[in-house]
Amino acid sequence: MAGEILEYWPIFSILFSSMGISFVFKDYIADLLATLVIKKTKDIKPGNRIKVTGVGVAVKADIMDIGILRTTVMEVGDGERLPSIRTGRLIKLPNYMLINNPVMIYGDTIIDEAVAYVPRPYPDTQMLLDSMRDAIITNGHGLIEVGLYQKDDRLVIHGVFEVKTSEMADERSKILRDFLIKSKQTAAPEAPKPEAKQETKPEIKEGEAKVVIPLANAERDD
């Protein structure tokens, strides 16, 4: 820690000696101190997916680079409006925000859920459970639990699964679609029909004589 402070000491010296501790530069000083804390604790590092929540702040993103004053992140959809995929927008977060606000740090995998509702008349419940299990497994996710309970006039099939954070997109929609097909709640999409091949007649170039077999020369049975 002491070595890292000495590394940034020239910057602190300039700020303190030439400008003093002024109100204008207080945010920059806070960012520098936050950088030291971030690099020392190593909880937040490039490659992590984080979600910063606070007063007027709600950012879910992948950390690309941690600078001296700012951390560059790639915004990720939060699942409510957008799937959990990168939006392509880069955000520069002041480093003090990462230690002054609640920060959710995602691990290598995340636990998610898919919920399906089946109205009356109810089909075979075991078939519904098996269909949800198959939908989760065939999409390549770790199955944790599948449950079934009744709510008002419908059954609720609840599947809990584990997915890699780096691969997470709109997995709930994919699982729900496969569940509906496997449980015969909806029809599977029809495969595109191959286009009918049109028979092409050989072209006869202009000037070419047509070969006609006279009826008298046609093959006959004797």
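A residue counts as buried under 20% relative accessible area, as exposed over 50%, and as partly exposed in between. This briefing concerns a predicted model of a protein of 222 residues, of which 30% count as buried. The secondary structure comprises six helices and eight strands. Two open sheets are described below, one of five strands and one of three, followed by the salt bridges and the surroundings of Glu75.

**Overall organisation**

- Read from the N terminus, the elements follow the order α-α-α-β-β-β-β-α-β-β-α-β-β-α.
- Of the contacts between residues at least 6 apart in sequence, 57% join residues at least 24 apart.
- The protein has an accessible surface of about 15700 Å², and carbon and sulfur atoms account for 54% of that surface.

**The five-strand sheet**

- Five strands make up an open sheet with antiparallel pairing, in the order E4-E3-E2-E1-E5.
- Strands E4 and E5 (103-105) are at the edges; each has a single partner strand, so one side of each has no neighbour in the sheet.
- On average, and with direction ignored, neighbouring strands of this sheet are turned by 35 degrees against each other.
- Strand E3 (residues 70-76) pairs with E4 through six bridges in the antiparallel sense.
- Within this part of the sheet, Thr72 stands opposite Lys92 in E4.

**The three-strand sheet and its helices**

- Three strands, in the order E6-E8-E7, form an open sheet whose pairing is antiparallel.
- The edges are taken by strand E6 (109-119) and strand E7 (142-151); each has a single partner strand, so one side of each is left without a neighbour in the sheet.
- From one strand to the next, the twist averages 20 degrees.
- E6 and strand E8 (residues 154-164) run antiparallel and are joined by eleven bridges.
- Val118 has Leu155 in E8 as its bridge partner.
- Helix H5 (residues 125-138) packs on this sheet and touches E6, E7 and E8, with a direction that makes about 145 degrees with that of E7.
- Helix H6 (residues 171-182) also packs on the sheet, where it touches E6 and E8; the direction of H6 makes about 40 degrees with that of E6.

**Salt bridges**

- Side chains of opposite charge can pair when their charged atoms come close.
- The whole structure contains eight salt bridges.
- One of them joins the side chains of Asp62 and Arg49, at 2.7 Å from N to O.
- This pair links distant parts of the chain, with Asp62 in strand E2 (residues 57-66) and Arg49 in strand E1 (residues 49-54), 13 residues apart.
- Asp62 and Arg49 are both buried.
- Asp62 counts as buried because its relative accessibility is 6%, which lies under the limit of 20%.
- The side chain of Asp62 also meets that of Arg86 in a salt bridge, with an N to O distance of 2.9 Å.
- Because Arg86 lies in strand E4 (residues 86-94) and Asp62 in strand E2, this pair ties together parts that are 24 residues apart in sequence.
- Arg86 has a relative accessibility of 47% and therefore counts as partly exposed.
- A further salt bridge is formed by Asp178 and Arg177, whose closest N and O atoms are 3.3 Å apart.
- Asp178, at 17% relative accessibility, counts as buried, whereas Arg177, with a relative accessible area of 47%, is partly exposed.
- Arg49, Asp62 and Arg86 are joined into one network by salt bridges that share partners.

**Surroundings of Glu75**

- Glu75 is located in strand E3.
- A polar contact of 2.8 Å connects the side chain of Glu75 with the side chain of Thr87.
- The Glu75 side chain makes another polar contact, of 2.6 Å, with the side chain of Arg89.
- Leaving aside residues up to four places away in sequence, Glu75 touches Lys60, Ala61, Ile85, Arg86, Thr87, Gly88, Arg89 and Ile91.

Methods
Residues are numbered from 1 along each chain as its sequence is written. This is a predicted model: local features need pLDDT of at least 70, side-chain atom pairs count only at pLDDT 80 or more; totals for chains, interfaces and linings use all residues. Side-chain values use heavy atoms; hydrogens and water are left out. A salt bridge is a side-chain nitrogen of Lys or Arg within 4 Å of a carboxyl oxygen of Asp or Glu. Helices (H or I, at least four residues) and strands (E, at least two) are DSSP runs, numbered from the N terminus. Buried means under 20% relative accessible area, exposed over 50%, partly exposed in between (1.4 Å probe, protein chains only). Contact means heavy atoms within 4.5 Å. Accessible areas come from the Shrake-Rupley method with a 1.4 Å probe; for residues, only the protein chains shown count as cover. Two strands pair if DSSP finds at least two bridges between them. Axes are lines fitted to C-alpha atoms, for helices over the stretch in contact, and angles run from 0 to 180 degrees between N-to-C directions. A polar contact is a pair of N or O atoms within 3.5 Å; within protein, one must be able to donate a hydrogen and the other to accept it, and residues adjacent in sequence count only if both atoms are side-chain atoms.
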